[in-house]
Amino acid sequence: TYWHSKYTYDGTKVTSHDELPFNITVTFPSAQSISGWEYTPRTDNPAGTFKGYNIYGSADGTNFTKIFTGTFQYGTVASANKPSSAGWKAVSVKAIKIEVTDSEGGYGSATEIKFLTGGTAVSAAETTTQTTTTQTEQTGSVDRSGWTVTVNSEMGGGASIKKILDGDQATFWHSKYVEEGTNIVSHDTPPYEIEITLPQAMSISGLSFLPRQDALFGLIFKANIYLAANDTDEYFPLIKDMDFPNTKIVRNIDFTANMLVKKIKLEVTSSNGGYGTMAEFNIIPAKDTYKTISYEDYQKTIESNRLYKIDGSLFKASYDGAVWATHTAEYVFDGSEFTFWQTDSATENQVFHLKVDLNQTYKIKEFKYTPRQTPDLHGGWLKFNVWVSTDGKDYNLAAENIKWNPGIDIKTYTFEKEIEFRYIDFEISGYNQNRAACAELDFYQTKSAHENNKEEYVLKVGSNVIKSTIAGVTKETTLDVAPYIQNGSTLIPIRGLLELMGATVSWAGDTQTIGIQKGTTGITLQIWNTLVYVDHPRYGHIKYTLRSAPRITNNRTFIPLRFVSEQLGYDVKWDGATQTITISKALEG
């Protein structure tokens, strides 16, 4: 049995139906500590299967606060008619509201909904909205026979620490907890110390971690990594406070060098709900292209070999062939690994061309490819060539016959030397399931190239000239009106600076509302209104109060400079002596 949203039909044809969003409110008999939920779609038909949703919590059953934003990937877990789950920091609530924002066919349906408990609860008002999803991932294969593993907390049995070496993605280690009936009454807390000992010392170039795949409880947020070259050496603190992504995708840690290792210790210091879980642990073997170094030289080597991710908010991808459903090339740079470009079915021996415009010329050392995140490996690239150009007309072959093994782990290709280009053409001749697909592309450059790509804007109160420096190129742009100060805030004309930053500006005259969009960040302001709303890819929909409201002065619209710039990821510095504002943005590392 299942719930279904309302629709009307004439014979076998649906003539109308209620529209998204659908709100399901569940009220508990008393306040509950809720740290997740489980959704089971209907089993006879995919119509109404949840894809996107928001979770709201209420301490009194009346006033609700958003505590979570998530997605379920239709075509994987949901299409198999299996439960999908998600977790968050435990919240004390009297009621939960599920807002379905995206679904199959625009309907809503559910066979079962369950709520999960665990962790220390806070009030709904204290939570920070999180975004995640459930997915399956793969790890590489390395012979792990003879490895030993210990941990300072485990449930044992089917959730023992040995499960991280059994090669089965469905099994996992879980830290110890105690339950009475369906309630968890106590559990061990971090740090959790996992120690792996190899039969003999070997040279490795990195580590690989696969999160638990059936739920998000215990997902590692932060950890320290220690290595030892033999049984008698003390552990060397290789990496401190490493952040792990809030997804179920495998995390590959590349040392950018080969290191001799006999023992490995992972110290989990922060995790989802305060539990600890892991499905698989592996090592990445030594690479011929890497030097072998000592532990003491590691930090120096890391710094010299460090590559910097280029901000891709202005990148554009294009494909001139037919795509599957609505999965166009624009999804390649939307910042989400769960949306993707995918071609329609290939004709015999068809070669696909995915073209990218980086918006300006960069020196590129490396790129990373995130495949479509589905276990059937749909569209994964198996063989391709890379062509590059500085003008979009004349292309040169930069890499030939790149071959990747099937899998939805993130793939990396490093050029032998830096290559300067603006345009790139991926010529894909080998692919999975008769299609080519791509969730995300990321480009990296060396430290010297990165430092030359500083993005900076300099304005002066009373002057209508903006001095901008992008990728080492400086130019001046003249605004039609100059910035001015009001109530201690610098106000700038809505056009000019934002357009130089690559943001899109919209204006709704009937409500006097301003919309600003750059990448996955959106800002909504209104004339003479100090309330502003920001849609952030990580923190969700947040309301702020401005010191000075947007306003219209001499028929020009002005907005607060610092707030808008900082929300778009820029640093803002003020020199009171010269009344000069410097706005800069460091590229992602």
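**Entry 1: D442**

I started with D442, which sits in strand 30, residues 440-446. Before going on, a note to self: this is a predicted model. Is D442 buried or exposed? Its relative accessibility is 17%, so D442 counts as buried, since the cut-off for buried is under 20%. Next I looked for what surrounds D442. Skipping residues up to four places away in sequence, I found that D442 touches K309, E366, F367 and K368. With K309 there is also a polar contact between the side chains, at 3.4 Å.

**Entry 2: aromatic rings**

F367 turned up beside D442, and I met F367 again when I went through the rings. How many aromatic pairs does a search of the whole structure find? The count is 38. I picked out a stacked one, made by Y53 and F68, with 6.1 Å from centre to centre and 25° between the planes. Y53 belongs to strand 5 (residues 50-58) and F68 to strand 6 (residues 65-71), so this pair ties together parts that are 15 residues apart in sequence. I checked the accessibility too, and both Y53 and F68 are buried.

Then I took W381 and F384 for contrast. This pair is edge-to-face, with 5.2 Å centre to centre and 65° between the planes. W381 is buried, and F384 is buried as well. Ring pairs also link these two into a cluster, whose members include F367, W381, F384, W404 and F443. Other rings in that cluster are F315, F333, Y362, Y369, Y413, F415 and F426.

**Entry 3: the nonpolar cores**

I wanted to know where the nonpolar residues gather. The largest nonpolar core has 36 residues. Which residues have the most contacts inside it? I wrote down I164, I194, L207, F255, L266, M278 and F281. Several elements give two or more residues to this core, among them strand 12 (148-151), strand 16 (192-210) and strand 17 (220-228). Strand 18 (236-243), strand 19 (251-271) and strand 21 (280-285) do so too. Strand 19 gives the most, with 8 residues.

I zoomed in on F281. Leaving out residues up to four places away in sequence, F281 touches R144, W147, I164, L165, I196, L207, S208, F209 and I264. Two of the names in that list, I164 and L207, are also among the residues with the most contacts in the core. Apart from this core lies another one, of 35 residues, and its members include I310, F352, F384 and I419. So F384 was on my page already, from the pair with W381.

**Entry 4: a loop residue**

Next I went to A322, in the loop between strand 23 (316-318) and strand 24 (341-342). Its relative accessibility is 47%, so A322 counts as partly exposed. What does A322 contact, leaving aside neighbours within four places in sequence? I found T343 and D344. I also looked up Q342, which is 20 residues from A322 in sequence and 9.0 Å away in space, C-alpha to C-alpha.

**Entry 5: strands 32 and 33**

How many buried residues does strand 33 (residues 473-478) have? The count is 0 among its 6 residues, so I noted this strand as hardly covered. Strand 33 is joined to strand 32 (residues 465-470) by 6 bridges, and the two run antiparallel. In this pairing T469 stands opposite T474 of strand 33.

**Entry 6: an open sheet**

My last stop was an open sheet of 5 strands, in the order 36-37-38-39-40, with antiparallel pairing. Which are the edge strands? They are strand 36 (504-508) and strand 40 (540-545), and each of them pairs on one side only. From one strand to the next, the twist averages 15°.

Inside the sheet I followed strand 38 (residues 521-526), which 4 bridges join to strand 39 (residues 529-536). There, T524 has Y533 of strand 39 as its bridge partner.

I finished with G515 in strand 37, residues 513-518. At 17% relative accessibility, G515 counts as buried. Neighbours within four places aside, G515 is in contact with T504, V505, S506 and I523. I also noted L525: 10 residues separate G515 and L525 in sequence, and they are 6.6 Å apart in space, C-alpha to C-alpha.

Methods
Residues are numbered from 1 along each chain as its sequence is written. This is a predicted model: local features need pLDDT of at least 70, side-chain atom pairs count only at pLDDT 80 or more; totals for chains, interfaces and linings use all residues. Side-chain values use heavy atoms; hydrogens and water are left out. A nonpolar core is a set of buried Ala, Val, Leu, Ile, Met, Phe, Trp, Tyr and Cys residues joined through side-chain atoms within 4.5 Å. Buried means under 20% relative accessible area, exposed over 50%, partly exposed in between (1.4 Å probe, protein chains only). Contact means heavy atoms within 4.5 Å. Two strands pair if DSSP finds at least two bridges between them. Axes are lines fitted to C-alpha atoms, for helices over the stretch in contact, and angles run from 0 to 180 degrees between N-to-C directions. A polar contact is a pair of N or O atoms within 3.5 Å; within protein, one must be able to donate a hydrogen and the other to accept it, and residues adjacent in sequence count only if both atoms are side-chain atoms. Rings of Phe, Tyr and Trp (its six-membered ring) pair if their centres lie within 6.5 Å; planes under 30 degrees apart count as stacked, over 60 as edge-to-face and the rest as tilted.
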